[in-house]
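Welcome! Take a moment to look over the sequence and the model, and then let us walk through a few of the details together.

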Amino acid sequence: MPASPSTARAINDRLALRLLQEEGPLTAGQLKQLTGLSRPTVADLVERLTASGLITVVGESGEQRRGPNARLYGIVADRAHLAALDVRTEGVAVTVSDLLGREVARASVPIGGDTGTGPAVEQAVALVERVAKEAGAGLLHTVGIGAPGLIDPAGGELRDSTGLPEWHRRLVDALQERLPRARVIVENETNLAALAEQRDGAARGRDTFVLLWLGHGTGAAVVLDGALRRGASGGAGEIGFLPVPGTAGLPSATDCAGGFHSLAGAAAVVELAGEYGLVAEAGGPELAAAEVVRGAVAAGSGSGPAARFLGALADRVVLGVASAVAVLDPGCVVLGGEVGQAGGGVLAGLVAERVRGMSPLETEVLAGVLGGGGVLRGAVLMARERAQEELYSPVVPPARPTRPDEG
């Protein structure tokens, strides 16, 4: 059935807004060319979007030539401000961006393991409020949170996960209470990193891939046919619990020790490096693991301790990669997180070589481009998408009541 006039207008408006976001400011003529719509239809939608405050004139095209110039239209980026949080066990990073996802302000705060739940929540919420003030954001429209742990696929809440600080779960409710007019959404950190790598990083243009997170902990994000797959309980990709050879035991329902985490988590990477005489000076296992891997890569190829360490690390990482390949056949695995980024093409190449010897399925192994910063970028993208869904949705007038005598 043909679309109703209001539906057609909504489709055209969304198309124009998407083009303005992706291509930057455009003239009405350029919108006509890119959309294939008629000149009157484009003129109508430009007038409608301008009146709604979503777009505005931002300049003129051909300013160097004589005569009248075409107006350039762009999205009103400060129509709404968004906040994104990367919540880790040892602290929180916050960024505030405009409606286009462009960063306006950023800050972070460490939260020690001995900090009580209440003080930890207050530090994190106060940080969000301070960064929003620095960004000149009177009100936050949407707050996107990336956190470790399981996200309930039905309600979107962060579930209670053994081993994670209690303040993680309390933070979501606290933000909603302090920012009652904002929409607060939460997503698993690895899933957000995958979203960021797909939009801006190593997986750009791919609709099927797996991101293997190598940081403080381990995890995997599964993207199949363009959709993020979370699983029945939100636990798809909890690869830290994967039983693998080479550990002292088996993981349990409440502890991933003995699973893949015991081989490829940051603390395990630092310990492995120590066996080859490589020591990192950075504080915290996550930073130390990235530093020692980066140093080993910089040492170059050969048969020295650095090369042997990278080979041993690849032997461990490939267990997680090969398991994902055997079950999902994604065609591409991105090594994300701080360690994946630090290993770069060298570690990715070593893992790819081992995958070829273990699996008949052709698989490309790539190094993540965004590293740990992918979580924050993914949270921005998630917040931007949700905000635009609401702001770009047209207000459809209610249908005229039908008289009893009308058929």
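Does Y276 count as buried, partly exposed or exposed, and why? Keep in mind as we go that this is a predicted model. Y276 has a relative accessibility of 27%, so it counts as partly exposed; the buried class would need a value under 20%.

Y276 also has a partner. The structure holds one aromatic pair, and a general point helps in reading it: a pair of aromatic rings is described by the distance of the centres and the angle of the planes. Here the ring centres of Y276 and F309 lie 6.5 Å apart and the planes meet at 55°, so the pair is tilted. Along the chain, the two residues are 33 residues apart, and the pair links distant parts of it. You will find Y276 in the loop between helix 8 (266-275) and helix 9 (285-298), while F309 sits in helix 10 (residues 305-328). With 0% relative accessibility, F309 counts as buried.

Now turn to the two helices on either side of that loop. The axes of helix 8 and helix 9 come within 8 Å of each other and cross at roughly 45°, which means that helix 8 is oblique to helix 9. Their crossing is left-handed.

Which residues meet there? Helix 8 brings A266, A267, V269, V270 and A273, and helix 9 answers with P285, E286, A288, A289, V292 and V293. Sorted by character, the residues of this contact between helix 8 and helix 9 comprise ten nonpolar, no polar and one charged.

How values were computed: Residues are numbered from 1 along each chain as its sequence is written. This is a predicted model: local features need pLDDT of at least 70, side-chain atom pairs count only at pLDDT 80 or more; totals for chains, interfaces and linings use all residues. Side-chain values use heavy atoms; hydrogens and water are left out. Rings of Phe, Tyr and Trp (its six-membered ring) pair if their centres lie within 6.5 Å; planes under 30 degrees apart count as stacked, over 60 as edge-to-face and the rest as tilted. Helices (H or I, at least four residues) and strands (E, at least two) are DSSP runs, numbered from the N terminus. Buried means under 20% relative accessible area, exposed over 50%, partly exposed in between (1.4 Å probe, protein chains only). Axes are lines fitted to C-alpha atoms, for helices over the stretch in contact, and angles run from 0 to 180 degrees between N-to-C directions. Angles under 35 degrees count as roughly parallel, over 145 as roughly antiparallel, 65 to 115 as roughly perpendicular and the rest as oblique. A crossing is left-handed if the near helix is turned anticlockwise from the far one by less than a right angle, and right-handed if clockwise. Contact means heavy atoms within 4.5 Å. Ala, Val, Leu, Ile, Met, Phe, Trp, Tyr, Cys and Pro count as nonpolar, Asp, Glu, Lys and Arg as charged, and the others, Gly among them, as polar.
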